Amino acid sequence: MREVAAQFENPALLFSGGKDSIVMVHLAMKAFWPQKLPFTLLHIDTGHNFSETLEFRDTLVKKLDARLIVAYVQDSIDQGRAVEETGYNASRNTLQTITLLDAIEKHKFDALLGGGRRDEEKARAKERFFSHRDEFGQWDPKNQRPELWNHFNGKMKMGEHFRVFPLSNWTEMDVWQYIFQDNIEIPSLYFTHKRKAFFRDGVWLAWAPFMKLKSTEKVVEKDFRCRTIGDITCTGLYKSRADNLLDIIKEIAATRITERGTRFDDKRSEAAMEDRKKEGYF
Amino acid sequence: MMNKQNMTDTTFNSEAYLNMQLLRFTTAGSVDDGKSTLIGRLLYDSKSIFEDQLEAVERDSIRRGNEQINLALLTDGLRAEREQGITIDVAYRYFATPKRKFIIADTPGHIQYTRNMVTGASTANLAIILIDARNGVLEQTIRHTYIASLLRIPHLIICVNKMDLMDYREEVYNQIQDDFNTRIREKLHLEDVRFIPISALKGDNVVNPSNRMSSWYKGTTLLNLLETIDITSDRDKINPRFPIQYVIRPISEKYPDYRGYAGRVAGGIFNVGDTVTILPNHNTSRIAGIDRYTESLKTTQVTQSVTLRLEDDIDISRGDMIVHSDNLPQESNEFDLMICWFDHKPMNPKGKYIIRHTTKEARCIIREVFYKLDINTLEQNHDDLQMEMNDIGQIRIKTTQPLFIDSYKQNRITGSLILIDEATNATLAAGMIL
C-alpha cells in the first residue's frame with residue numbers, strides 16, 4: 001500500500017463493502033497512521049446492493065473522514081454505454097467493468113487497489129501484485145511483467161493504469177483470522193440472519209423484487225449468512241447459524257466448498273473469471 | 001484453505017494459526033516430470049481441496065477422456081494452459097496444515113520459461129526439484145538446480161518421481177542420487193539438499209508414507225519435511241538495513257510535527273536508542289521511536305513493516321536508507337552482478353536502463369558483459385556475449401547515483417535489483433549483486 005502511495009499520483013482503493021475491501025481500508029489506515037488515507041475510495045454501485053452494505057460503507061467513510069466516489073452502473077445503462085442483461089440470470093455484475101473503466105478515465109486514476117486474492121479463483125492465481133492494464137483497461141495474462149523479490153515496477157504510459165492486489169497471498173482463512181485479531185467491524189450480513197431466498201443451480205440466492213423467478217422456484221425464509229458479498233444477483237448465501245467471528249472461523253475451517261463456490265458469477269463457465277478479468281474486471 | 005481433518009473439531013486455535021510459520025516453496029521440473037500432479041497430490045492428500053474444485057476437475061477430466069482424476073488440472077489456471085496441458089506462467093497455490101502455512105509458486109519447466117522459475121524462486125525458502133526416475137539427471141535438472149542456487153534458495157528437496165514406473169527399486173533411486181551429487185552438487189554451492197523417492201500419481205511418500213518402499217527408504221515424507229524443515233535462519237538477521245519507502249507527515253492538528261519514515265526492515269534488528277546513519281547524506285541520529293500503527297515498539301526486525309522516528313530533524317526522503325552507524329552497506333555506483341535476461345529484445349551491451357533497487361530508482365549503463373553461462377553444462381561462454389531471453393550472465397553496470405548495496409549472498413533484499421526498459425517500462429532483467 002505504501003508502495004502504491006509512493007509510486008502513483010492518483011491512486012484509488014476499490015471499495016465494495018465486502019470483507020476483503022474492509023480489511024484493505026483497515027490495512028491502509030494502519031500503514032499511514034497517523035496520516036489520513038492517501039487514497040480515494042471508489043465504489044462501483046450496481047444498484048442491486050444489499051442495503052446493509054451501503055449503510056456500512058457510509059458509516060465507515062464518515063468515521064475515517066475519507067473521500068468516496070460512487071460510480072453507478074445505472075448511469076452507464078442510461079448513457080447507453082451498457083446494456084442490461086435479460087432473462088432469469090440477468091446480472092449487472094459484468095456491466096460493472098464498463099462503469100469501472102469509465103470512472104478510471106473520468107477521475108484519471110493511475111492505480112486501483114483491489115482486495116482480490118490468488119486463492120479465490122484459478123485466473124486470479126496468476127495475477128501479479130502490480131498488474132498492468134493498457135489504455136483499454138485490459139489485462140494480458142500471457143504478457144505480464146515478471147515480479148521478483150519485492151521490487152514492484154509501477155511504470156506506465158499516459159492513459160494506462162495499474163491494479164494492485166496487496167492481499168494476493170492471503171487466503172480466506174487469513175482474512176477471517178485478521179478480522180478476528182484486529183477486531184475489525186464488518187457488515188451484519190456476514191453473520192447469521194433470517195432472509196428470504198430461493199435455490200437455483202446449487203446456490204441459494206437472496207430474493208429481491210427485481211429478481212425473476214422460474215415457475216419451479218419458491219422463496220423461503222431461512223437462517224443464512226454471506227461468505228462473500230457482492231451484487232445481490234450473484235452473491236450466494238450460506239446456510240449458517242454462525243453469529244460471531246469464532247463460529248465463522250470454525251465454519252470456514254470445516255467447509256468443503258470454496259468461497260467462490262457460492263458465487264453465481266463464476267459458474268457461467270470454466271474460464272468465466274479469466275474472460276472478465278481480461279476485459280478489465282476487478 | 002485448511003486441513004479439514006484436523007480443523008473440524010472445536011479446538012480450532014486462532015492464536016496458533018496467527019503465529020504459524022509460513023514456508024514458500026517453488027517446484028521445478030520439465031513438462032512430463034509430473035509437477036502439477038505432485039502439487040495436486042499434496043493438496044488432495046492433505047485435504048486442502050474443496051468439493052466444488054474437485055467436482056470441476058472431475059468434470060474436466062472426463063471431458064478430456066482422462067481415465068483417473070487428473071490432479072494436474074487443479075493447478076493449471078489459464079485457459080491456454082488447460083487447452084495445451086502445460087503451465088505457462090507462475091501460479092500460486094495456498095494450503096495449510098496444523099503445523100505450517102504454505103505458498104507454492106508453481107513454475108513451468110520449459111527452457112523458454114526460465115524467467116518464470118527465476119521469478120518463483122526469488123521469494124522461496126525452498127525448492128522442490130523433480131526428477132523422472134525413468135530418465136534420471138538431465139540437463140534441465142542441472143538448469144533447475146543452478147537457478148535455485150543462483151537465487152540462493154536455502155533448502156532443496158530432490159524428489160525422484162514416478163518410482164511406480166521403476167517398480168520402486170532402490171538401486172534406481174541410489175543411482176540418481178549419486179549422479180546428482182557428482183554432476184551437480186559438487187559444482188554448485190548447495191547448502192541443504194535432501195532426497196525423497198516418490199510417486200505423485202500413486203501418492204507414495206508425498207503426504208502418506210509408502211509401504212512399497214518402506215523396506216529400503218527410512219526417511220520422511222515430502223509433506224513432513226515441508227512442515228518441519230528449519231527456516232528461521234533464512235533471512236539476514238545481522239546487518240540492519242531500512243530502505244525508506246514513504247515519509248509520513250500528517251501535518252494535522254493532533255500531529256503537527258509528526259515525521260515518520262515508513263518501510264520494511266530489509267535486514268537485522270533496530271532498537272529504540274540505536275545510533276543510525278542515513279544514506280546517502282551520512283547524517284547520524286538516534287531512533288526515537290518505532291511505530292506500528294498506534295503501537296510503540298522497542299525493537300523491530302527483518303521483514304516487519306514499521307515506521308521509524310528519529311531524534312533529529314533531517315531531510316530524508318524515499319530511496320534513502322537508515323542503517324546502523326557501525327555497519328554500513330557498500331556505497332557504489334559501479335559494481336558486478338549476475339543477471340537473468342527476461343525480455344524478447346536482447347540486452348544492448350552499451351544500453352541504458354532504469355534500475356530499481358530497494359525503494360530507490362536510478363538509471364544505469366551496461367559497462368561490460370563478462371560471460372554468459374550455459375546453464376545446461378555450467379560452462380562460461382566468453383565469446384558469445386549477446387544476452388537474450390532466459391540467458392544468465394555476469395555483467396558490470398554503472399549507475400547515475402550510488403546505491404547502498406550488499407552482496408546477494410548476504411542479503412536477498414539489498415543484494416537484488418531489477419532492470420526496466422526506459423521506453424516500454426517492461427521489467428527486463430533480474431540482477432543479483434556479487
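1. In this predicted model, strand 17 (residues 330-341) of chain B and strand 23 (residues 427-433) of chain B run antiparallel to one another and are joined by 5 bridges. Strand 17 of chain B also pairs, again in the antiparallel sense, with strand 21 (residues 392-405) of chain B, and there the pairing extends over 10 bridges. The residue B:C340 is a useful place to look, since its bridge partner in strand 23 of chain B is B:A430, while its bridge partner in strand 21 of chain B is B:I392.

2. A second set of paired strands can be followed in chain B, where strand 8 (residues 246-248) and strand 9 of chain B pair in the antiparallel sense over 3 bridges. Strand 9 of chain B is also paired with strand 15 (residues 305-310) of chain B, in the antiparallel sense and over 4 bridges. Here B:A262 is the residue to follow, because it is the strand 9 partner of B:Y246 in chain B and is itself bridged to B:T307 in strand 15 of chain B. As for the surroundings of strand 9 (residues 260-264) of chain B, 4 of its 5 residues are buried, so this strand is largely enclosed by the rest of the structure.

3. The domain assignment divides chain B into domain 1 (4-228), domain 2 (241-324) and domain 3 (330-433). Between the C-alpha centres of domain 2 of chain B and domain 3 of chain B there are 30 Å, and the two are in contact through 12 residues of domain 2 of chain B and 10 residues of domain 3 of chain B. The side of domain 2 of chain B that touches domain 3 of chain B is made up of 6 nonpolar, 4 polar and 2 charged residues.

4. Which residues of helix 8 (residues 170-185) of chain B are buried? They are B:Y173, B:I176, B:F180 and B:I184, and because they cover an arc of only 65° around the axis, they lie on the same side of helix 8 of chain B. On the other side of helix 8 of chain B, the residues B:E171, B:D178 and B:T182 are exposed. The buried residues of helix 8 of chain B pack against strand 4 (126-132), helix 7 (139-150), strand 5 (155-161) and strand 6 (192-197) of chain B.

5. Is B:R152, a residue with 20 C-beta neighbours inside 10 Å, buried or exposed? B:R152 counts as buried, because 20 such neighbours are found inside that distance, even though it lies in a loop, the one between helix 7 and strand 5 of chain B. If its neighbours within four places in sequence are left aside, B:R152 is in contact with B:Y408, B:K409 and B:R412. B:R152 and B:E191 stand 39 residues apart in sequence, and their C-alpha atoms are 9.4 Å apart in space.

6. Turning to chain A, its secondary structure comes to 8 helices and 10 strands. The C-alpha atoms of chain A fill a box of roughly 55 × 45 × 35 Å along the principal axes. Chain A has a radius of gyration of 18 Å, which agrees with the value near 19 Å for a compact globule with 282 residues. Buried residues make up 55% of the 282 residues in chain A. Among the contacts in chain A between residues at least 6 apart in sequence, 75% join residues that are at least 24 apart.

7. Chain A is divided into domain 1 (2-172 + 270-279) and domain 2 (186-266), and 23 Å separate the centres of these two domains of chain A, taken over C-alpha atoms. Their contact takes 21 residues from domain 1 of chain A and 21 residues from domain 2 of chain A. On the domain 1 side of this contact, helix 2, helix 3 (51-64) and helix 8 (272-279) of chain A each supply at least two residues, and the largest share, 3 residues, comes from helix 3 of chain A. By class, that side of domain 1 of chain A has 6 nonpolar, 9 polar and 6 charged residues.

8. The last point concerns the contact between the chains, which takes 45 residues from chain A and 51 residues from chain B. Helix 1 (2-7), helix 2 (19-32), helix 6 (172-181) and helix 7 (245-254) of chain A are the elements that give two or more residues to the side of chain A that touches chain B. The residues of that side of chain A divide into 19 nonpolar, 11 polar and 15 charged.

Key: Residues numbered from 1 in each chain as written. Chains lettered and ligands numbered in written order. Predicted model: local features only at pLDDT ≥ 70, side-chain atom pairs only at ≥ 80, totals over all residues. Buried ≥ 20, exposed ≤ 12 C-beta atoms within 10 Å, placed from the backbone. Pairing = 2+ DSSP bridges. Rg over C-alpha atoms; globule rule 2.2 N^0.38 Å. Contact = placed C-beta atoms within 7 Å. Nonpolar A, V, L, I, M, F, W, Y, C, P; charged D, E, K, R; others polar. Domains from an automatic or database assignment. Arc of directions from axis to C-beta.
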